[in-house]
Each structure stands twice: as C-alpha cells, then as structure tokens.
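This report concerns the pockets of a protein model and the burial of one of its helices. Please consult the sequence and the structure shown here.

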Amino acid sequence: RRNYARFDGVVAVSRALYEESLGDGVQADRLHLIRNAWSGWYEPHTREGARSALGLDPDARVVGWVGRMLPVKGGDLFLDAIARLPEPRPVAVMIGYGPESARLEEQAARLGLRDSVRFHSDIPDAGRYFPAFDAYALSSRSEGLPIVILEAMATETPIVAFDVGGITEAVGGDEALIVPAGDTDALAGSIQASLDDRAAARERARRAAARLERDVDLGAWLEQHERVYRAVSEEVGGAA
C-alpha cells in the first residue's frame, strides 16, 4: 500500500478501497474505481455432484467457507461462529490453503468441532462447489470486492457476510445477510437463520443472482481497464 503512490495508475475494486487508497496518498487523477466483474467461465457442479465430490451426505445441512487461509480472511472467526451454533451443528466445509491451515485445524479441534468441520486444501476451481452449500459465510477482516462473493451470487448460494470493504457494493440486505465486521455472534445467528428459513434464504440468493446478471458487465469491465492502460501508456510515453 505504501508503494501505491509511486504508481502511474492504481485500480481500486471497490469504493471503500478507493477511499482507502486516497488516504494512502494516491493522487486522485491516478486512481480509478473499477469494480470486479464476473465471467462465469466454468460450469458449476450440480448440488448432488458437488456434495458427492466433497464427501457430504445429500441431506446434511452445510455451511461453506472459501478462501486463502490467512489471518485477513478470518477463518478463525468463521470457526468461532460455528462453535456458537446449537447442536446438532451443520457441517462446515472450509475450502482453501495457506500458512494458517494447520492452526485452523488445531482451533477446530480445540473448539470441539473435529466432527463438524471438513477441510479441503486440494480443490481447484472452488466456485464450482458452491451448490453443495446451504449457506456461504464470508468472515474476512478486510476485503476489496471479493470474487468469491460473485461466485456465490452466480450459483444462487445464500450469503452471510461481515460488512467489510466493498461487500455491500455487491449485495444488499435484500440479497444477503450482512452483519457487523468481526461480530461472530451475529455471524452465527445469521448462519442459523439461513438454515432455519430456507425459503427466505433461497429468495435472497435468487435476488443476488439477478443483481449479478443485471449489474456486472464483463465487456464494460474490460473496456474500463483498457482505457486505464492506454491513458497510463500515453502519459508515460509522453513524459519519455
């Protein structure tokens, strides 16, 4: 972040990150807001296929978490929220890898979640597996506008998320359950609400998918990036 001010152009993927970058000293005329887009380049698994591939019971209640296992992604906060759910708990599936993997597995054991949490570090194209989830939880401490939210929207997976970064620029209260950042009690409560009222959760997920279809235009995203690249190239070329 300290180096951003030295760049000829900086792209922020959310309004929150745009404002943060201004605060980091990036000049406004070098800063561009281009929210992440979604291409839908792969075909998701069916619910049955995704559950079979992940070794899940077809009738289990399943909450998913997908991301790099780093402190900023809040895998530990997700586990804390799962531990707050009443028995019988849902199955919690964590897909990802990173330097926090072993520590998160130790945390799950310490919280008595050994039988509830399934870790998968070797799943490529994790977005294909979202249909296996009855709810997807985002527990990050910080974000821009994460692709994983767009993947959940594309597969009509009910979303529960901390209010961080550009999350509310992608989904609102009619399309997801958004809770205060870091509040694991609220995250647990919203996960439980999604599992208890499946009809309402599916309706929010349907609205989120419709918003993705309506608002996210890959062609416009590419054009915006090309304009930034051309402007930077012309500026640098002219200065040379």
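Which residues of α3 are buried? In this predicted model, the buried residues of α3 are G75, D76, L77, F78, L79, A81 and I82. Helix α3 spans residues 75-83 and is mostly covered, with seven of its nine residues buried.

The two pockets are described next, beginning with a table of their volumes.

| Pocket | Volume |
|---|---|
| Largest pocket | About 470 Å³ |
| Second largest pocket | About 290 Å³ |

The largest pocket has a space of about 470 Å³. Its lining comprises 28 residues, and V66, G67, R68, A126 and E151 are the closest to the pocket centre. At least two lining residues come from each of β3 (62-66), β6 (135-138) and α5 (147-154). By class, the lining of the largest pocket consists of 15 nonpolar, seven polar and six charged residues.

The second largest pocket encloses about 290 Å³ of space. It is lined by 18 residues, of which R35, N36, L145, D215 and V216 are the closest to its centre. Two or more residues of this lining are given by each of α5, α6 (167-170), α8 (198-215) and α9 (218-239). The lining of the second largest pocket divides into 11 nonpolar, two polar and five charged residues.

Helix α5 thus links the two descriptions: it supplies at least two residues to the lining of the largest pocket, and α5 also gives two or more residues to the lining of the second largest pocket.

Conventions
Residues are numbered from 1 along each chain as its sequence is written. This is a predicted model: local features need pLDDT of at least 70, side-chain atom pairs count only at pLDDT 80 or more; totals for chains, interfaces and linings use all residues. Side-chain values use heavy atoms; hydrogens and water are left out. On a 1 Å grid over the protein atoms alone, a cavity is a set of points where a 1.4 Å probe fits but cannot get out, and a pocket is an open set with protein on both sides within 12 Å along at least five of seven lines; lining residues have an atom within 4 Å of a point. Grid points are joined across faces, edges and corners, and a volume is the space filled by probe spheres set on the points. Helices (H or I, at least four residues) and strands (E, at least two) are DSSP runs, numbered from the N terminus. Ala, Val, Leu, Ile, Met, Phe, Trp, Tyr, Cys and Pro count as nonpolar, Asp, Glu, Lys and Arg as charged, and the others, Gly among them, as polar. Buried means under 20% relative accessible area, exposed over 50%, partly exposed in between (1.4 Å probe, protein chains only).
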